[in-house]
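Subject: Structure for you to look at, with notes

Dear colleague,

I am handing over the structure we spoke about, and below it you will find notes on what turned up when I went through it. Please keep the sequence and the view open while you read.

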Amino acid sequence: MYNKSETEQKIAEFLLQIKAIKLQPTNPFTWASGWKSPIYCDNRITLSYPSIRTYIRQKLSETIQEEFGSVDVIAGVATAGIPQGVLVAQELGLPFIYVRSKAKEHGTQSLIEGEVNEGQRVVVIEDLVSTGKSSLQAVNALRDAGCNVVGMVAIFSYNLDIATENFKEAKCRFVTLSNYNALLEYAIEHNLFPKNDLELLKDWRVNPSEWGKKTENTEL
């Protein structure tokens, strides 16, 4: 049985160590949505570190077995979920498919690549969950194809309330190896930031859509 708390902390440590996660509370990033954020996460970088890649593959696989039991197919979400999904499918000895962000405009015009059969129990693999919107597009495409999507597993989540609401509305369970709250716990425990910066990081989690306006008002 896997230790969830231990895994959350270890993943947070790894992602910070290889700079897959960058924290800049006083020099925030701008997301495509226009939101200002003190965190940027690119889990593709984990693929360049064999020992970390192996750890993530094993923990994703253990999580699937622990949370969802027997499944028939592993599905990756394009693009960053594809390599992680392949690694997990190989670890578990299962078929792999992936879901495009949009259907091909030529040939078969496929949205799902790989062999899909109606009624199969599918677990979806993502690298990162922010609002959950793109992840759930993949879930809906698989459901439309007749799959029984039993849930989604991702490496990291920003712990945004909107994601929780979106997954609940879609009736889709999702589990992550680590998350923003665990990351903050690690940062506090290891004194990675001064107190003022930690407060900014905590504030973002409470109201991410308005957080940027607050930092602008304080002229950070």
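I begin with a pair of helices, H2 and H3, whose crossing is right-handed. Please bear in mind throughout that this is a predicted model. Two packed helices are described by the angle between their axes and the distance between the axes. In this case the axes of helix H2, which covers residues 50-68, and of H3 come within 9 Å and cross at roughly 65 degrees. On the H2 side the residues that meet H3 are Arg53, Ile56, Arg57, Gln58, Leu60, Ser61, Ile64 and Gln65, and their partners in H3 are Gln84, Leu87, Val88, Glu91 and Leu92. Sorted by class, this contact of H2 with H3 is made up of six nonpolar, four polar and three charged residues.

Just ahead of H3 there is a detail of the backbone that you may wish to look at, namely a cis peptide bond that joins Ala78 and Thr79, with omega at about -5 degrees. Thr79 itself lies in the loop between strand E5 (73-77) and helix H3 (81-92).

Two further backbone details concern phi. Lys171 has a phi near 55 degrees, which is a positive value in a residue other than glycine, and Lys171 is found in the loop between helix H5 (161-169) and strand E10 (174-179). With a relative accessible area of 71%, Lys171 is exposed. Asn191, likewise a residue other than glycine, has a positive phi near 50 degrees, and its place is the loop between helix H6 (180-189) and H7. Asn191 also counts as exposed, at 66% relative accessibility.

The aromatic residues come next, since the structure holds nine aromatic pairs. One of these pairs is formed by Trp31 and Trp204, which are arranged edge-to-face, with 5.7 Å from centre to centre and 80 degrees between the planes. Trp31 lies in the loop between strand E2 (29-30) and strand E3 (36-37), while Trp204 lies in helix H7 (residues 195-206), so the pair ties together parts that are 173 residues apart in sequence. Trp31 counts as buried at 15% relative accessibility, and Trp204 is buried as well, with a relative accessible area of 0%. Ring pairs also join Trp31 and Trp204 to Trp35, Phe156, Tyr158 and Tyr180 in a cluster.

Two members of that cluster lead on to Ser130, a residue that the UniProt annotation "binding site" covers, although the entry is unreviewed. Ser130 is found in the loop between strand E8 (121-129) and helix H4 (133-144), and at 26% relative accessibility Ser130 counts as partly exposed. If residues up to four places away in sequence are not counted, Ser130 touches Trp31, Tyr158, Leu160 and Ala163.

Helix H4, which follows that loop, holds two residues that I looked at separately. Is Ala141 buried or exposed? At 10% relative accessibility, Ala141, which is found in helix H4, counts as buried. Leaving aside neighbours within four places in sequence, Ala141 is in contact with Val99, Leu111 and Ile112. The C-alpha atoms of Ala141 and Arg100 are separated by 9.3 Å, and these two residues are 41 residues apart along the chain. Asp144 is also found in helix H4, but Asp144 is exposed, with a relative accessible area of 71%. The C-alpha atoms of Asp144 and Leu192, which are 48 residues apart along the chain, are separated by 45 Å.

Finally, there is Gln9, whose place is in helix H1 (residues 4-17). Gln9 is buried, because its relative accessible area is 17% and buried means under 20%. Not counting residues up to four places away in sequence, Gln9 touches Ala182, Glu185, Tyr186 and Glu189.

With best regards

Note on methods: Residues are numbered from 1 along each chain as its sequence is written. This is a predicted model: local features need pLDDT of at least 70, side-chain atom pairs count only at pLDDT 80 or more; totals for chains, interfaces and linings use all residues. Side-chain values use heavy atoms; hydrogens and water are left out. Rings of Phe, Tyr and Trp (its six-membered ring) pair if their centres lie within 6.5 Å; planes under 30 degrees apart count as stacked, over 60 as edge-to-face and the rest as tilted. Helices (H or I, at least four residues) and strands (E, at least two) are DSSP runs, numbered from the N terminus. Buried means under 20% relative accessible area, exposed over 50%, partly exposed in between (1.4 Å probe, protein chains only). Axes are lines fitted to C-alpha atoms, for helices over the stretch in contact, and angles run from 0 to 180 degrees between N-to-C directions. A crossing is left-handed if the near helix is turned anticlockwise from the far one by less than a right angle, and right-handed if clockwise. Contact means heavy atoms within 4.5 Å. Ala, Val, Leu, Ile, Met, Phe, Trp, Tyr, Cys and Pro count as nonpolar, Asp, Glu, Lys and Arg as charged, and the others, Gly among them, as polar. UniProt positions are given in the numbering used here, feature names are shortened, and annotations may be inferred rather than shown by experiment.
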